[in-house]
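The report below follows one chain from its central sheet outward to its helices, its aromatic contacts and its less certain stretches. Please read it with the sequence and the coordinates at hand.

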Amino acid sequence: MAESSTSAQRATLFSPYNMGKFNLSHRVVLAPMTRCRALDGIPQPANVEYYKQRSTPGGFLISEGTTISPTAAGFPHCPGIYTHDQIEAWKKVVDAVHAKGSVFFCQLWHVGRASNQIYQPGRTASPISSTNKPISGRWRILMPDGTYGSYARPRALSTVEIPEIVQQYPQAALNAIQAGFDGIEIHGAHGYLIDQFLKDGINERTDEYGGSITNRCKFLMHVVQAVATAIGPDRVGVRISPAIDHLDAMDSDPLSLGLAVIEKLNKLQQEWGKKLAYLHMTQPRYTAYGQTESGRHGSEDEETRFMRAWRRAYEGTFICSGGFTRELGVEALAQGDADLVSYGRLFISNPDLVERFKVDAPLTRYVRATFYTQDPVIGYTDYPFLGQGQGKYQRISRL
């Protein structure tokens with residue numbers, strides 16, 4: 001069981017928490033969320049305002065998915081962290097967050113096959129992946145003109161190409177530290193590149209990166225080791241979602257997959273004599289397009305069993321996410337199921353979510369239609385704070 005489990009059983013959303021070298025004043029975390037406002041991959045003044053609005057003294061924020069290379073994108077106008085201009089633009093965002101007293105991690109992202117040629121170099125290359133299999137027609141990709149299209153057929157990386165992709169992660173991590181971020185999160189979840197290696201429903205490789213769970217975990221472990229070596233383990237978080245089928249990312253035994261990843265992370269921490277910053281796990285109820293269902297793998301009880309097994313196994317800070325309300329967050333902390341809880345959609349429409357949770361105030365309803373638009377204000381920085389009135393936005397009951 002994680003070292004902090006005893007204290008977590010007595011925790012509330014507003015108990016302070018020591019996340020390694022970072023002292024947090026509460027446990028409400030801003031989850032990473034794609035918002036498509038970084039024009040041409042470069043953060044804008046609107047990004048500065050957005051993150052500043054959601055910062056609190058002693059709070060913890062994780063940036064939206066931030067691409068690590070020119071081949072990594074699968075959404076329009078998502079930020080990168082691989083050019084000088086991107087690094088310089090992120091500095092302004094980070095400075096604004098730090099001025100409000102928050103800790104800020106950058107989520108490092110490569111979408112792998114969850115892309116289209118239009119997002120690739122020259123607009124002609126095939127996206128790279130663990131496989132040649134495309135994402136099924138059940139899913140649609142957002143195109144730069146706002147329409148939805150099909151995911152492209154990917155190109156499976158050869159064995160000799162994989163180390164080059166692995167090395168893009170520590171370079172991106174170093175770039176993030178140069179931009180002023182306190183650390184990084186490795187995005188190994190939700191059907192993107194790393195998850196495409198982890199899941200046996202996608203990974204059909206016959207080389208050292210395919211087949212057994214140990215082989216399928218190898219790409220992630222190489223990335224973790226490389227990034228930890230570059231910036232230190234205590235600045236590195238890892239996000240995985242073993243039981244999530246987003247973008248066809250299915251596994252025949254998600255419980256064992258999650259435990260295998262955790263066992264390997266624990267072993268690395270023991271070898272280093274130092275812990276990672278955290279492990280970030282998505283609740284199995286998270287599904288396509290943010291809908292909440294009972295879960296592909298069974299009942300709510302089974303989902304809880306998965307999460308508790310992973311939480312007990314991991315030796316370090318455990319963050320849970322995926323459709324949490326205020327009540328569910330309180331319950332997860334009180335029962336010792338997590339150390340921190342990350343919130344996504346509720347934080348979009350409630351920039352002062354921490355304060356609203358603290359006083360149990362009504363929340364503002366989010367407008368899904370503006371999640372991925374490029375407007376720098378509407379649906380991005382114009383959601384009201386407490387006491388400002390709702391304007392065009394609707395309230396929802398306390399959650």
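Which residues cover the one side and the other of β11, and are they buried or exposed? In this predicted model, Val 236, Val 238 and Ile 240 lie on one side of β11 while Gly 237 and Arg 239 lie on the other, and all of them are buried, which leaves both faces of the strand covered. Because 5 of the 5 residues of β11 are buried, the strand is largely enclosed by the rest of the structure.

**The barrel and its strands**

The setting of β11 is a barrel into which 8 strands close, in the order β3-β4-β5-β10-β11-β12-β13-β14, with parallel pairing. From one strand to the next, the twist averages 25°. Strands of a sheet pair through backbone hydrogen bonds, either parallel or antiparallel.

On one flank, β11 (residues 236-240) is joined by 5 bridges to β10 (residues 183-188), and the two strands run parallel. Within this pairing, Val 236 of β11 is the bridge partner of Ile 184, and Gly 188 stands opposite Ile 240. β11 is also joined to β12 by 4 bridges, again with the strands running parallel, and here the bridge partner of Ile 240 is Met 281 in β12. Ile 240 is thus placed opposite Gly 188 and is also partnered with Met 281.

**Helices against the barrel**

Helix α4 (residues 162-178) lies across β5 (103-109) and β10, and runs at about 155° to β5. Helix α3 has 16 residues and reaches 23 Å from its first C-alpha to its last, close to the 22 Å expected at 1.5 Å a residue. An α-helix has 3.6 residues a turn, so residues three or four places apart point the same way. The buried residues of α3 are Gln 86, Ile 87, Ala 89, Trp 90, Val 93, Val 94, Ala 96 and Val 97, and the buried residues of this helix pack against α2 (45-53), β4, β5 and α4. Just after α3, Gly 101 takes a positive phi of about 90°.

**Aromatic pairs**

The structure holds 21 aromatic pairs. One of them brings together Phe 60 and Tyr 278 in an edge-to-face arrangement, with 5.7 Å centre to centre and 70° between the planes. This pair links distant parts of the chain, with Phe 60 in strand β4 (residues 60-67) and Tyr 278 in strand β12 (residues 278-282), 218 residues apart. Both Phe 60 and Tyr 278 are buried.

Phe 75 and Tyr 372 form a tilted pair, at 5.5 Å centre to centre and with 50° between the planes. Phe 75 lies in the loop between β4 and α3 (84-99) and Tyr 372 in the loop between β15 (363-364) and β16 (395-396), so the pair ties together parts that are 297 residues apart in sequence. Phe 75 counts as buried at 15% relative accessibility, whereas Tyr 372, with a relative accessible area of 32%, is partly exposed.

Ring pairs also link Tyr 50, Tyr 51, Trp 90, Phe 104, Phe 181 and Tyr 380 into a cluster. Trp 90 of this cluster is also among the buried residues of α3.

**Selected loop residues**

The table gives relative accessible areas for three residues in loops.

| Residue | Loop | Relative accessible area |
|---|---|---|
| His 190 | between β10 and α5 (193-198) | 7%, buried |
| Asp 360 | between α12 (353-359) and β15 | 30%, partly exposed |
| Pro 284 | between β12 and α9 (300-313) | 5%, buried |

His 190 has a positive phi of about 60° although it is not a glycine, and Asp 360, not a glycine either, has a positive phi of about 55°. Pro 284 and Gly 323 are 39 residues apart in sequence, and their C-alpha atoms are 9.5 Å apart in space.

**Confidence of the model**

The mean pLDDT of the protein is 94, and 94% of its residues reach 70 or more. Over residues 1-9, however, the pLDDT is below 50, and this stretch has 24 contacts in the model beyond near neighbours in sequence. Over residues 288-297 the pLDDT likewise stays under 50, and the model has 30 contacts for them beyond four places in sequence.

Conventions. Residues numbered from 1 in each chain as written. Predicted model: local features only at pLDDT ≥ 70, side-chain atom pairs only at ≥ 80, totals over all residues. Heavy atoms only, no water. Phe/Tyr/Trp six-rings, centres within 6.5 Å; stacked < 30°, edge-to-face > 60°. Buried < 20%, exposed > 50% of the residue type's maximum accessible area, 1.4 Å probe, protein only. Pairing = 2+ DSSP bridges. Axes fitted to C-alpha atoms, helices over the stretch in contact; angles between N-to-C directions. Contact = heavy atoms within 4.5 Å. pLDDT = per-residue confidence, 0-100. Expected span 1.5 Å × (residues − 1).
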